[in-house]
Amino acid sequence: MTITTDQPQTRTRLNTGLAEMLKGGVIMDVVTPEQARIAEDAGAVAVMALERVPADIRAQGGVARMSDPDLIEGIIEAVSIPVMAKARIGHFVEAQVLQALKVDYIDESEVLSPADYTNHIDKHAFDVPFVCGATNLGEALRRITEGAAMIRSKGEAGTGDVSEAMRHIRTIRGEIRGLGAKSDDELYVAAKELAAPFELVRQVARDGRLPVVMFVAGGVATPADAAMMMQLGADGVFVGSGIFKSGDPEKRARAIVRATTHFDDPAEIAAASRGLGEAMVGINVADLPAPHRLAERGW
Amino acid sequence: MTAPLVGVLALQGAVREHVRALEAAGAGTRLVRRPADLDGLDALVMPGGESTAIARLARHDGLLPRVRTQVDGGMPVFGTCAGLILLADKVQDADALAGLDTVGGLRITARRNGFGSQLDSFEADLAVDGMEGPLRAVFIRAPQIVAAGDGVEVLAAHGDRPVLVRQGGILAATFHPELTDDTRLHGMLVEMARDRVA
């Protein structure tokens, strides 16, 4: 019997495979072990361990960095589902630390302050899987080329405004559909325009989907928001501030999980939407001055 | 001979991959989200995912106890990873599943996430009873079978632990056959479904 975990192809299958297991599920931002347990009890498929949810990062300002290892370990001990944690864009040592802490997934995230305005982390250099944000197909394919095992469309984190999440998933799905209509000779030009490798572009054109799982993030605050993202072709949703910045986090968490599974059943979504108390107050993305738009971080 | 109709429990997890593998193995498929979706199935796959999430999603309408009724009535079922946990009669460290209905019926004790974090996920080639050539197995945050009771046939082991078992019409794996192109285990389920129809 041979165990060949050290082969790069094997690692890729294990890491993209874990994302496949999360499909149809909800990944929730949590800042304490208690919140992590609430998320697990509500049916979350994974939690994102953070010191501050994006809405607070936005409100408090300053440089946002990787969370304290004590906090991350406390959350790992609290739950049986996978635990993710965020590293700054390009901060490969934060990523090394998170791998040493044995998190299940690293999110190289624009929600934190970027550490490198030119390069992203070389994710092939790690055994732990990465999820990365994208606002369009070219960005998604560049992250996959760098080794991302999962993509999340960015949306605009910490706003509770779903309009950017909508724009990004529509953009990515639309660009994929557009590739499907192109002939091989046109795909060379498409690869150039997408600033992504030709072989990967051709694969996406042929399959009609990314080669990894794609979740939606950034502004999902209600069961209907989550179900809409699923109807638009998302494999699952990240909910950040939307749960623990709302009036009744337990109930809202359960409701968003239910609506994500039964995304094509309006009666179920209606049932899940009843009596949830107040949603997070939120910020209209249109009112955000450009320097405060997190989605523009990443290159 | 018409193709048997195999359901795939589709609350959460690796649903698409099982559908593809079953169709490659000659079955028709149906996604199962509610009890009524179980009517008329010749077999069922319970896919990998997060067992806590799946059990919670199923509790609104008693879907998992209904699966048990049909399994007791002879419907073949194949559980992989989280699906195996939901089929197990006993689960160690089951706090996160406390108060939730599962399916049960498979006389094993399972331990959720028995190997550690994602860094401890691995692949291995398995020798399977009655199967020619090795079977590539993908173990992702996999459960362990820590004890197997009477009537549980161990079809494959990894080290000293069973990883593929069969008890009558229940087939269960701690790994993910749906993530490789090898559809022999799905073929085994399809044969079990055909035998039952015949």
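Author: Helices (H or I, at least four residues) and strands (E, at least two) are DSSP runs, numbered from the N terminus. By that rule chain A has 13 helices and eight strands. This is a predicted model, in which local features need pLDDT of at least 70 and side-chain atom pairs count only at pLDDT 80 or more, while totals for chains, interfaces and linings use all residues. Residues are numbered from 1 along each chain as its sequence is written.

Reader: What makes the pair A:K102 and B:D120 a salt bridge?

Author: The term requires a side-chain nitrogen of Lys or Arg within 4 Å of a carboxyl oxygen of Asp or Glu. The side chains of A:K102 and B:D120 meet at 3.2 Å, N to O, and therefore satisfy the rule. Across the interface of chain A and chain B, nine salt bridges are found. On the side of chain A that touches chain B, α1 (8–22), α2 (33–42) and α12 (249–261) each supply at least two residues. The most comes from α1(A), with ten residues.

Reader: How do you know how many residues of chain A and chain B are in contact?

Author: Contact means heavy atoms within 4.5 Å. By this criterion, 44 residues of chain A are in contact with 42 residues of chain B.

Reader: Why does the radius of gyration of chain A agree with that of a compact globule?

Author: The radius is taken over C-alpha atoms, and the globule rule is 2.2 Å times the number of residues to the power 0.38. For 299 residues this gives a value near 19 Å; chain A has 18 Å, so the two agree.

Methods
Chains are lettered from A and ligands numbered from 1 in the order in which they are written. Side-chain values use heavy atoms; hydrogens and water are left out.
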